Each structure stands twice: as structure tokens, then as C-alpha cells.
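Reader: Please take me through this fold, and justify each term as you go. I want the reasoning, not just the labels.

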Amino acid sequence: MDKSSVIFGNPIDQKTLRKAEKSKAKFIKKFGDDSNKAYHLKIREIPQIKEIKIRNLELSDTELELPEKPLVVGNIRMGFGHYRISMAIASCAQAMGYEPLWFDLASFDATGSKMIRSQNDLYSMGSRLSQKIGLFNKLYWEPLNSEGFRQITYNAGDQKNAELLVPLFNDLPKDIPYVATHVWPSQGAVHAGLTHVVNAIPDNWPMGLHLSEGAIHTVQTPFAYLGYKMLRGMAKTPLKPMPDEDLFMTGHYVDHELVDNVFKDCSARISRAQAGKPVRFLLTVGGAGAGSDLYLALTSHLAEYVKKGQASVIINFGDHLAMWEFMKQKMPGFEKKCITFFNDYEGLCKWAEAAEGDLEPCICCVCNNDIFEAVYSTNLLMRKCDVLVTKPSELSFYPVPKLMMRHIGGHEVYGAIHAQEIGDSTFECEDAKSLKEMTDVFINDRSILVEMSKRIMVLKQQGVYDGGYKVVELAAKGREANI
């Protein structure tokens, strides 16, 4: 059945459908038509991350041989966010006895993969431009991310393009448990006939972009649940709501290692705060590398507290050193003040383990060319930090005290609002001045850090951070078991 023309019982206009067909045809013309090709897959070990036994699905000349209890995590690399959520699902799946298989649909030499990469390149470029050109951000990027992607008509185009992904699913059994951490892998799986598909929606702002009819949709908050249930604001006129069996609120998608250690890690934060120890700030640089001026201003400000013995700063540059080079250029001699772990994940692990005890005031900079190590380094360091400095992306939902930077894309705003309202984060600090003021408060008044840590422990008891486990359970049961 064509999934572009009617979405949850809501018909799509002919103009939009013609546009969707043209979009698919454009990608076929550009990248070729492989719709009749039967791709085969094989499993390769990913030894980099020892905390989770993730295995990668890659192209092969022979048919796939599956482990006894597999669960496929369908994803794409778009920044770090969807990879990070994928790791959370894989971690929870492993803790529940499944063998997680990593299925990055953008990583193959196939038409659908090339289509994803071309769109991701455009999105990354837009993210960077939005931070450099205020008028572009105000007139185009913000409206596109908050309202353009919100429209149900946008989903019609994505559904049509997702048909190009079907050949990659040739080897997967129809009833294999499958969790998608981006809508395209979810749509591709549904088009391919998979029956146990969970579409783990990442954002708190309901958007038509994230719809994947035929999958079980999960959201992390009550706000997102009601918005998706009513398909609120996704068309000029009211829409038919999503059926009950298509939508579940699970709570936050968080890695098992982080959830399992909430009380230990928050107790350590409270002890350090009450003892007046240096406050540990972890800064995360996203995959698109946006927000350079804010990172520079904050790092420069915190460096003064490091000199005074009142703070430590840890910066994860991800898998690119552009921000490192930018900081060296703007802060002469910066590199001489830093401990560095560049492509030394094993060394970083040992350093993080030692940070269980006292940590001398320092600036520690981390970068890994390997994408898995780059993303998981934040997880590793998150447990050792006191305050996570992040834009309101997927990290809005993690169990660590957070200092929120300015959002990139209007859809991120509601992640910051949610985190602030449940009490494990600051409000969104939109400029360098407000960021500096908030770091001053964290260092000079430890009560905020203590109260956030206590609040996280309460939220843990309430099951707020258990979304990853519930997503895995839904994928294992499948649609029929949840009706």
C-alpha cells in the first residue's frame, strides 16, 4: 500500500503527491535504480566499545546468518544524536538478553543510502549556517525546523523516498525485533514488510516528519504523546488522531549503564559539591560542529576557574578537530594547558576510571576518529562529570545535571523546556553572557547542583529514564501483542 497518499486516515493532496514522486525520481536519476537488487548482509564485530557488545551489519555476497536472539537497531548518522539514541537502545537490549545489531542505512553503497547522505549533508550545512548568519536562521532555519518539518505533507515526501531503502532489508526476517532511531530507517523497514518495528521518536516537539505509519511510535514525554496523538498543528485543519496501538509514551531513552548507576553517580556529585571540590564541566561538541563562538566564550571563562582550582573542564570534540583548531587560534597557548586524549580511547577509559576519586583541576580534550568511540566518550565522561553543557538535543533527556546552551533548530526548544520543568536542567542559555552567569552560579552556589542531583534520583525512582527498556520490550512483542 502506498503510504504517501493517506497518513493515519488523513488524505494527502495531489500537489504534494506529485512533488513526492518527483523527489523519488530525482534521487533515482542521480544515484541509480537498485530496486530489483537483492542485497545481502553480514555481521562484523565492533570491538571499539567494550561496554556494549554491538555488532555491525555490512554488505556481503552471502545471506545473513543471525544470532539466537537478535534485535536490529536501524539508524543513520545525522550529527551524533541518532547514534547516541541507538547506543542507548543497544545497551538496554543487551541488558535484557538480546544481541543488538547495528544497521546504519546511510553507510551502504546503495541508492537509498546515497539519498540519506545527500539530505544529511544539506541538514549539516544548514545547522552550521544557522549559527553564523542570523538572518538565515531567523527567516529560514528556525521556521523550517519548527513548522516546516511539522506538516503532515512533509511526511508524504519522506515516505516516498523511503521506498528506495527497501532492497537493504532483503536478508532481515519479517518478524525480527527492530528499533529505528530515525524515521527513515523506520519507514524503510515498514515498506520492506517488517512487522515488529518501533519508531523511537527523538524530539519533544511533535512533527509530521517523524511519522512512520505501520510502526509502533514511542515518545519520551506526555507533551509529545498528546501532540502526536492529536497530530497537533500538522495541517491547517484538524486531522484524524493516531490510533491507540500506534503510539506509546515510554520515558527517556537512556543507556543501561547510566540508568543503573544513577544513585551512585548522583551521590558522588552531591558529596563533591558539599565538600567544595572543583566542579567538573563536560562540554559536548555535536557532529555538525555548530556553536563555535559559544564554546569558545565558555571555555575561556571556565579556564579562569581552572586556574583558581575551582573547576575542571572536559571537552569532547567528537570525531573532528575543527573546534580544537578554532580554540587554539583564538586562545594562543591553549593547547599547552590541556590534557589530550586524541584517538586514545583506552587511555581515556583509564583516566575516567581514575576520576572516581579526586580530579585535579584541569582542561581535558577528547577526540576520536572512530564514530563509536567519539559518541560513547560522552557516555563514559558523563558519569564522572558534575554538569553536562549541551545544546537541547537528545542529551536533554539524560540523567545528569545539565546546563543548556542555545538550541540549533526550533524543534530542540521543547527538549530544553521539558528538562527544565522536570528539574534536571537549567533553562536555555541563549548567549555567552547567560552561559557565563550560569557557570558562576554552579561554582559559587553548590545548592543548585545538589538539588538537581537529588531530583535525578527521584526521577529514576519514578521510571522516567527507563524508556530504552520499554522500547525494546515493544519491539520484541510486536504490534499484535500491544493492541
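Author: Start with a cut-off: a residue counts as buried when its relative accessible area is under 20%. One caution first: this is a predicted model.

Reader: What makes β12 largely enclosed by the rest of the structure?

Author: Buried means under 20% relative accessible area. Six of the six residues of β12 meet that, so the strand is largely enclosed by the rest of the structure.

Reader: Which residues of β12 point each way?

Author: Ala 311, Val 313 and Ile 315 point one way. Ser 312, Ile 314 and Asn 316 point the other way. All are buried. In a regular strand the side chains alternate between the two faces of the sheet.

Reader: How do you know that β12 pairs with β11 and with β14?

Author: Pairing requires at least two bridges. β11 (residues 279-284) and β12 share six bridges, in the parallel sense. Val 279 has Ala 311 of β12 as its bridge partner. β12 and β14 share four bridges, also parallel. There, Val 313 is partnered by Ile 363 of β14.

Reader: What is the strand order in the sheet that holds β12?

Author: The order is β13-β14-β12-β11-β15-β16-β17. These seven strands form an open sheet with parallel pairing. The twist averages 15° from one strand to the next.

Reader: Why are β13 and β17 called edge strands?

Author: An edge strand here pairs on one side only, and that holds for both β13 (338-342) and β17 (425-428). For β17, the pairing with β16 (residues 402-404) is parallel, over two bridges. The threshold is at least two bridges. In that pair, Lys 402 stands opposite Ser 425 of β17.

Reader: What packs on the sheet at β16 and β17?

Author: Helix α14 (residues 413-422) does, touching both strands. The direction of α14 makes about 140° with that of β17.

Reader: Why are the buried residues of α11 said to lie on the same side?

Author: In α11 (residues 322-330), the buried residues are Met 323, Trp 324, Phe 326 and Met 327. They cover an arc of only 160° around the axis, which puts them on the same side of α11. The face turned away carries Ala 322 and Gln 329, which are exposed. Exposed means over 50% relative accessible area. The buried residues of α11 pack against α10 (292-307), β12 (311-316), β13 and β14 (363-367).

Reader: What makes one face of α12 the buried one?

Author: Tyr 345, Gly 347, Leu 348, Trp 351 and Ala 352 of α12 (residues 345-354) are buried. Seen down the helix axis they fall within an arc of 155°, so they line one face of α12. Glu 346, Lys 350, Glu 353 and Ala 354 are exposed on the other side. The cover over the buried residues of α12 includes β12, β13, β14 and α13 (371-382).

Reader: Why is α5 called oblique to α6?

Author: Helix α5 (residues 152-162) and helix α6 (residues 183-191) pack at about 60°, with their axes 9 Å apart. Roughly parallel needs under 35 degrees, and roughly perpendicular needs 65 to 115. An angle of about 60° fits neither class, so α5 is oblique to α6. The crossing is right-handed. From α5, Asn 155, Asp 158, Gln 159 and Ala 162 make the contact. From α6, Trp 184, Gln 187, Gly 188 and His 191 do.

Reader: What makes the pairing of the eight-strand sheet mixed?

Author: The order is β3-β4-β6-β5-β7-β8-β9-β10, in an open sheet with mixed pairing. Strands β3 (residues 40-45) and β4 (residues 55-60) run antiparallel, joined by six bridges. Ile 43 stands opposite Leu 57 there. β4 and β6 (residues 99-104) pair in the parallel sense over two bridges. Arg 55 stands opposite Leu 101 in that pair.

Reader: Why do β3 and β10 count as edges?

Author: Each has a single partner strand, so one side of each is left without a neighbour in the sheet. The twist averages 30° from one strand to the next. β10 pairs with β9 (residues 216-219) in the parallel sense over three bridges. Thr 218 stands opposite Phe 248 of β10. Helix α2 (residues 81-95) packs on this sheet, touching β5 (70-75), β6 and β7 (178-180). The direction of α2 makes about 170° with that of β5.

Note on methods. Residues numbered from 1 in each chain as written. Predicted model: local features only at pLDDT ≥ 70, side-chain atom pairs only at ≥ 80, totals over all residues. Heavy atoms only, no water. Axes fitted to C-alpha atoms, helices over the stretch in contact; angles between N-to-C directions. Contact = heavy atoms within 4.5 Å. Buried < 20%, exposed > 50% of the residue type's maximum accessible area, 1.4 Å probe, protein only. Arc of directions from axis to C-beta. Parallel < 35°, antiparallel > 145°, perpendicular 65-115°, else oblique. Left-handed = near helix turned anticlockwise from the far one by under 90°.
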